[in-house]
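Please look over the sequence and the fold below before reading on, and keep both in view as the explanation moves from one part to the next.

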Amino acid sequence: MPTPASRSSRRHALRALVLLPLGAVLARPAAAHGPSRLKVTQKIGIEAPADKVWALIRRYDALKDWHPAVASSPADKGEAEGSVRIVTLKGGGTITEVLERHDDAKRLYAYRVRDGGDALPVTNYASTLLVTPDGDARCTVEWRGAFYRGYPNNDPPPEKNDDAAEKAVNAVYASGLANLKKLAEAR
């Protein structure tokens with residue numbers, strides 16, 4: 001005849017056998033949720049008045065004038081919300097972007113990528129450019145973006161993973177802001 005201690009041990013063993021598969025099932029969704037939204041922000045100080053720097057970048061079609069990787073950037077409706085900008089890169093590739101907000105008083109504009117093609121390893125990309133005065137003769141330009149990596153499922157290839165997405169966006173921002181600083185401070 002089983003003792004009370006052995007019955008208790010069997011009950012615990014049986015409970016473990018029942019709960020173990022349930023725990024495995026409940027843990028699966030957490031591992032399979034997909035990518036997280038990534039964010040990149042870069043700022044650069046420029047020895048020039050904010051209005052002067054804003055004048056260089058305020059036109060939605062002016063990206064070609066200050067970003068060294070851009071060959072052309074026509075915008076179909078200028079600075080009106082909904083304006084579509086087709087960015088053609090010097091190294092090949094195009095990106096279609098839509099203007100979501102343009103505010104001269106705040107010296108900012110925000111846009112979203114409609115179609116990035118193979119130019120950037122990201123999806124669902126939205127960005128904002130902002131010029132903030134630091135006194136009368138200096139300003140800070142901030143370029144920030146939020147996006148997902150280029151491969152939306154688990155186990156992305158290296159060229160479309162989180163690191164590749166952040167590296168690409170950081171490179172775009174760094175080269176653009178460095179050239180903008182050079183142009184603004186030379187004038």
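**A pocket and two helices**

The largest pocket has a volume of about 270 Å³, where a pocket is an open set of points on a 1 Å grid over the protein atoms alone, at which a 1.4 Å probe fits, with protein on both sides within 12 Å along at least five of seven lines, and a volume is the space filled by probe spheres set on the points. This is a predicted model, in which local features need pLDDT of at least 70 and side-chain atom pairs count only at pLDDT 80 or more, while totals for chains, interfaces and linings use all residues. Residues are numbered from 1 along each chain as its sequence is written, and side-chain values use heavy atoms, leaving out hydrogens and water.

Lining residues have an atom within 4 Å of a point, and the largest pocket has 20 of them, with H67, L89, I95, L120 and V172 lying nearest its centre. Helix α4 gives the most to this lining, with 6 residues.

Helices here are DSSP runs of H or I with at least four residues, strands are runs of E with at least two, and both are numbered from the N terminus. The 25 residues of α4 (residues 162-186) should span 36 Å at 1.5 Å a residue (times one less than the number of residues), and its end C-alpha atoms are 36 Å apart, which agrees.

Among the residues of α4 that are buried, meaning under 20% relative accessible area with a 1.4 Å probe and protein chains only, are A168, Y173 and L180. In α2, A50, V53, W54, L56 and I57 are buried; seen down the axis of α2, these residues fall within an arc of 155 degrees (taken from the directions from the helix axis to the C-beta atoms), so they line one face of the helix.

How values were computed: Buried < 20%, exposed > 50% of the residue type's maximum accessible area, 1.4 Å probe, protein only.
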